[in-house]
Amino acid sequence: MTIAAVERAFKLLEALAGEADGADLTVLAERLDLPVSATHRLLATLAERGFVTQDAQSGAYGLTLKLSQLAFRNLDLRGLPDAGQIVLDQLARATREYCRLAVIEGESLTWIARAQGATAGLRYEPPMGMGIVLHATATGKAWLASLPEAEALRIVCARGFDAQGRSGPNALGDVDALRQHLAETRNRGFALAVEEGEIGTVAMATTFRAGPDAGAPIAGTLSVAGPLPRMQEAHRDEIAAALATAARDMAAIWPLRRRQIGALPTVSTGASGQTMPTETKA
């Protein structure tokens with residue numbers, strides 16, 4: 001398989017990920033700007049590998065759960081969600097809003113865990129599968145502010161300020177505005193996004209380190225988001241304090257995730273293809 005074919009296959013998977021009811025062959029071909037025949041060959045290959053299925057009645061193509069299984073397997077092996085869920089749950093209870101944990105992956109961030117703290121009224125709960133627009137979210141700005149300014153600007157400029165409809169009315173649109181927001185984030189100690197990621201919402205975020213040592217590298221971010229009427233300025237100091245506490249707690253337990261993995265029984269694959277636990281030696 002050529003590099004071009006691999007890239008097309010990934011683009012096809014990404015296109016299907018946004019289609020809850022699947023998509024027709026012609027629609028996918030148009031979206032990918034590929035001939036119908038080439039698109040069909042890609043779909044056939046992905047179907048053979050178990051990543052794609054075709055509805056017998058409508059003929060629409062959709063993703064199977066295989067990608068989700070691979071993602072969860074990777075998360076389990078790395079011990080990421082379990083290591084932070086207790087802290088995230090505590091943050092949600094303290095703020096009574098929607099909280100998320102994201103980790104650094106190369107030059108981007110990926111959501112890996114969430115906790116809903118709202119118990120009444122409006123509940124803000126966006127999908128976890130959406131990519132993080134770095135310049136238009138509190139999560140993204142919190143991480144960018146931890147980087148040298150030149151590096152942060154390079155990462156954003158390489159992606160561009162066009163979020164393709166995935167931002168709110170106050171999203172930043174140029175380098176000067178971004179530079180100002182990052183400076184404010186560093187001075188404030190947390191990032192703030194008022195209707196930047198989405199209309200009618202406010203988000204606050206901070207980074208946490210990979211260990212309690214002050215020199216430990218940044219491992220990810222913690223964020224709190226909710227409807228604008230509840231996330232007014234008078235309430236933000238309280239949320240900022242809860243975020244700071246959560247960041248310290250997360251840094252303290254983050255190194256434990258590897259020890260949790262070592263304590264788990266190993267897993268082998270049986271002849272039937274099913275995974276089976278094996279005994280661990282005392």
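Helices α1 and α2 are oblique to each other, a class that takes in angles outside those under 35 degrees (roughly parallel), over 145 (roughly antiparallel) and 65 to 115 (roughly perpendicular). The model is predicted, so that local features need pLDDT of at least 70 and side-chain atom pairs count only at pLDDT 80 or more, while totals for chains, interfaces and linings use all residues. Residues are numbered from 1 along each chain as its sequence is written, and side-chain values use heavy atoms, with hydrogens and water left out.

The contact (heavy atoms within 4.5 Å) between the two helices is made by the residues tabulated here.

| Helix | Residues | Contact residues |
|---|---|---|
| α1 | 3–17 | Lys 11, Leu 12, Ala 15, Leu 16 |
| α2 | 25–32 | Leu 28, Arg 31, Leu 32 |

The angle between α1 and α2 is about 120 degrees, and their axes lie 11 Å apart, the axes being lines fitted to C-alpha atoms over the stretch in contact and the angles running from 0 to 180 degrees between N-to-C directions.

Elsewhere, the largest nonpolar core has 27 residues, of which Leu 91, Leu 101, Met 204, Phe 208 and Leu 222 touch the most other members; such a core joins buried residues (under 20% relative accessible area, 1.4 Å probe, protein chains only) through side-chain atoms within 4.5 Å. Helix α9 gives the most to this core, with seven residues.

Thr 207 belongs to strand β6 and, at 19% relative accessibility, counts as buried. Leaving aside neighbours within four places in sequence, Thr 207 is in contact with residues including Trp 143, Ile 218 and Ala 247.

Technical notes. Helices (H or I, at least four residues) and strands (E, at least two) are DSSP runs, numbered from the N terminus. Buried means under 20% relative accessible area, exposed over 50%, partly exposed in between (1.4 Å probe, protein chains only).
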